[in-house]
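Here's a structure to get to know by asking why things are called what they are called. Have a look first, then we'll go through it.

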Amino acid sequence: MSKKVWITGASSGLGLHTAQALREAGFTVVAGARSYADETRRQDALCLPLDVTNEESVQAFVEKALTLTGAPDVLVHCAGVLNLGACECYGDAEIRLVMETNFFGLTRMVRHVLPLMREKGKGRLVAFSSINGLLGIPWEGAYCASKHAMEGYLECLRMESAPFGIEVMVVEPGDHSSGSSQYRRHGENMHKDNPYYERYQKGIRVIAHDEENGSDPKKLGKKVARALRKKHLPCKLLIAKWDQRLAVMLHDALPVRWFSRFISMYYKQ
Ligand SMILES: NC(=O)c1ccc[n+]([C@@H]2O[C@H](COP(=O)([O-])OP(=O)(O)OC[C@H]3O[C@@H](n4cnc5c(N)ncnc54)[C@H](OP(=O)(O)O)[C@@H]3O)[C@@H](O)[C@H]2O)c1
């Protein structure tokens, strides 16, 4: 019988490619996102409305998905948002939206889905962090904070849930050309008379360039599907080009001041 995967944030970008790769690999996929207004079927995936920032929406998604497939073998949390801006200038609502989606969205899904896996005595959780869960870069303060929070939480969860037969894999993508960059939100205070404005403009051009020239999201989807077919799920899947892998290594090896200078120069600060 095919394994059942529930995946959040599967309406676009990396989530969409991952859901496609999982279907091609023979998994039964239930996909959730806000833009699925009603229950639909798209390219063999069952699509349900889901807002991970809303407790009732998560509950409704889980109840409906249960009637469709029964308890899942795998939960993939891919739903995420990025809000570019200067750390000093983010408003509460902007930071909260990023944390609510990326971090609390994950904890909410875990709270609803892990009990179903514990009951079965096995299950797999795959959560999309980022290389920005491992290192910070300018203008992504809220996002980096949310991804670092995810990394810490998942490390603890892995230890606590392993005795119940649950495996946890953290996916840490570098830049991918998923086409999402055109929809990026910008901090509401990043206007022309903001003291950070000029350097911000230079930095976000580098960010946009790196995303547009990023890795192939289809390959990422296939790598995630391949990892899920393994007998033992890898704890981490860092999927990035060599220079971004090097940055992760330098982050751990260099004195903080040197690393900060090096990254700041890269982003033309
Ligand atoms: N692309 C990259 O280069 C890259 C690099 C590192 C990490 N990542 C991570 O990979 C994941 C996907 O990123 P992406 O670049 O592919 O972004 P994307 O195309 O913007 O996709 C984000 C997905 O999350 C969903 N989503 C957003 N808010 C949601 C909510 N409140 N409830 C449910 N679903 C929600 C969106 O669907 P709706 O709008 O329909 O709800 C969409 O399907 C994110 O976690 C991101 O941090 C991406």
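Q: What makes a residue around the ligand nonpolar, polar or charged?
A: Ala, Val, Leu, Ile, Met, Phe, Trp, Tyr, Cys and Pro count as nonpolar, Asp, Glu, Lys and Arg as charged, and the others, Gly among them, as polar. With that in hand, the shell around the ligand splits into 10 nonpolar, 15 polar and four charged residues.

Q: What kind of model is this, and how are residues numbered?
A: It's a predicted model, where local features need pLDDT of at least 70, side-chain atom pairs count only at pLDDT 80 or more, and totals for chains, interfaces and linings use all residues. Residues are numbered from 1 along each chain as its sequence is written.

Q: Which residues come nearest to the ligand?
A: Gly9, Gly13, Arg34, Ser35 and Gly80 do, out of 29 around it. A residue is near a molecule or strand if its C-beta atom, placed from the backbone, lies within 6 Å of it. Helix H1 (residues 13-24) gives the most to this shell, with three residues. Helices (H or I, at least four residues) and strands (E, at least two) are DSSP runs, numbered from the N terminus.

Q: Why are strands S3 and S10 said to stand at the edges?
A: Eight strands form an open sheet with mixed pairing, in the order S3-S4-S2-S1-S5-S7-S8-S10. S3 (40-42) and S10 (236-239) each have a single partner strand, so one side of each is left without a neighbour in the sheet. From one strand to the next, the twist averages 20 degrees.

Q: How do you know that S5 and S7 pair?
A: Two strands pair if DSSP finds at least two bridges between them. Strand S5 (residues 74-77) and strand S7 (residues 123-128) run parallel and are joined by four bridges, so they pair. Histidine 77 has alanine 127 in S7 as its bridge partner.

Q: What joins S4 to S2 and to S3?
A: Strand S2 (residues 28-33) runs parallel to strand S4 (residues 45-49), with four bridges. S3 pairs with S4 in the antiparallel sense, over three bridges. Leucine 46 in S4 stands opposite valine 30, and arginine 41 also stands opposite leucine 46.

Q: Why is H3 called roughly parallel to H4?
A: Helix H3 (residues 92-120) and H4 pack at an angle of about 15 degrees, with their axes 8 Å apart. Angles under 35 degrees count as roughly parallel, over 145 as roughly antiparallel, 65 to 115 as roughly perpendicular and the rest as oblique, so H3 is roughly parallel to H4. The axes are lines fitted to C-alpha atoms, for helices over the stretch in contact, and angles run from 0 to 180 degrees between N-to-C directions. By class, the contact of H3 with H4 has 13 nonpolar, four polar and two charged residues.

Q: What makes H1 oblique to H6?
A: H1 and helix H6 (residues 217-229) pack at about 50 degrees, with axes 8 Å apart. That angle falls outside the named ranges, so H1 is oblique to H6. Among the residues that meet are Leu14 and His17 in H1 and Leu220 and Val224 in H6. Contact here is when two residues have C-beta atoms, placed from the backbone, within 7 Å. By class, this contact has seven nonpolar, five polar and two charged residues.
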